[in-house]
Amino acid sequence: MTTKKIMIALAAAAMFMPVMAQNVVPTGSEAEAIARRYGANPGPVVAASAQYSQLPELAREFVNRHYKNVKVVKVEREFMDNSYDVKLANGVDMDFNVAGQLTSIEASDDAAPLSEKVVKDVLPSKAFKELKKLHLQKNVEEIEFKNGRVYEIDTRTVSENEYSFDIQENVFRNI
């Protein structure tokens, strides 16, 4: 969560704190009245729950291809960065852009690393071959596509390693 999102979330939580203490969820004009009373404006909506069926087709195809038998526990539409966040019951968290292209995939710390099949499917062949040469293809914790130019890969090893590949598939190791 970025600083801006945290600040908006804190402002919204502070505004509704007196009402939330009473286990009442304000809606519509009631929420507006609370905003007037406390002099607060909840600001723009930064994220909202979404249905799996609302994901772009390309994103649904990716999830179905690699995680067909895993329950989708949460789909969230991120308005600030125009993306979707998908969380699975096995601890995998994926981000997709509005076109449905995967922008990041991460296995939580208490989940198994990403499967070799997923890693191979997501990465360019030269990047995957480099990981395989280093015997890391089964230890990938996170893959993130940065600015359309670089793949950033975090691995689970005795010493945490991060590898970056540019779009020409040149490797850069960051420790």
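**A hairpin, a helix and the core between them**

Strands S4 and S5 make a hairpin with 4 residues between them, and Gly 100 in the turn has a positive phi of about 95°. Helices (H or I, at least four residues) and strands (E, at least two) are DSSP runs here, numbered from the N terminus. The model is a predicted one: local features need pLDDT of at least 70, side-chain atom pairs count only at pLDDT 80 or more, and totals for chains, interfaces and linings use all residues. Residues are numbered from 1 along each chain as its sequence is written, and side-chain values use heavy atoms, with hydrogens and water left out.

S4 and S5 run antiparallel and are joined by 5 bridges; strands pair if DSSP finds at least two bridges between them. One bridge partner of Phe 96 is Leu 102 in S5, and Phe 96 is in turn the S4 partner of Tyr 84. On that other side, S3 and S4 also run antiparallel, with 5 bridges. Their hairpin has 3 residues between the strands, and Gly 91 takes a positive phi near 95° there.

In a regular strand the side chains alternate between the two faces of the sheet. S4 shows a covered face made of Val 92, Met 94 and Phe 96, and an uncovered one made of Asp 93, Asp 95 and Asn 97.

What about helix H3, residues 57-67? Ala 59, Phe 62, Val 63, His 66 and Tyr 67 are buried in H3 (under 20% relative accessible area; exposed is over 50%, partly exposed in between; 1.4 Å probe, protein chains only). They cover an arc of only 95° around the axis, which puts them on the same side of H3; the arc is that of the directions from the helix axis to the C-beta atoms. These buried residues pack against strands S2 (72-78), S3 (83-88), S4 (92-97) and S5 (102-107), and against helix H4 (116-122).

Back in S5 sits Ile 105, which is buried with a relative accessible area of 0%. Contact means heavy atoms within 4.5 Å, and, not counting residues up to four places away in sequence, Ile 105 touches residues including Phe 62, Tyr 67, Met 94, Leu 114 and Ile 143. The C-alpha atoms of Ile 105 and Glu 141 are 8.3 Å apart, although 36 residues separate them along the chain.

The largest nonpolar core (buried Ala, Val, Leu, Ile, Met, Phe, Trp, Tyr and Cys residues joined through side-chain atoms within 4.5 Å) has 29 residues, and Ile 105 is among those with the most contacts inside it. H3 gives the largest share of this core, 4 residues.
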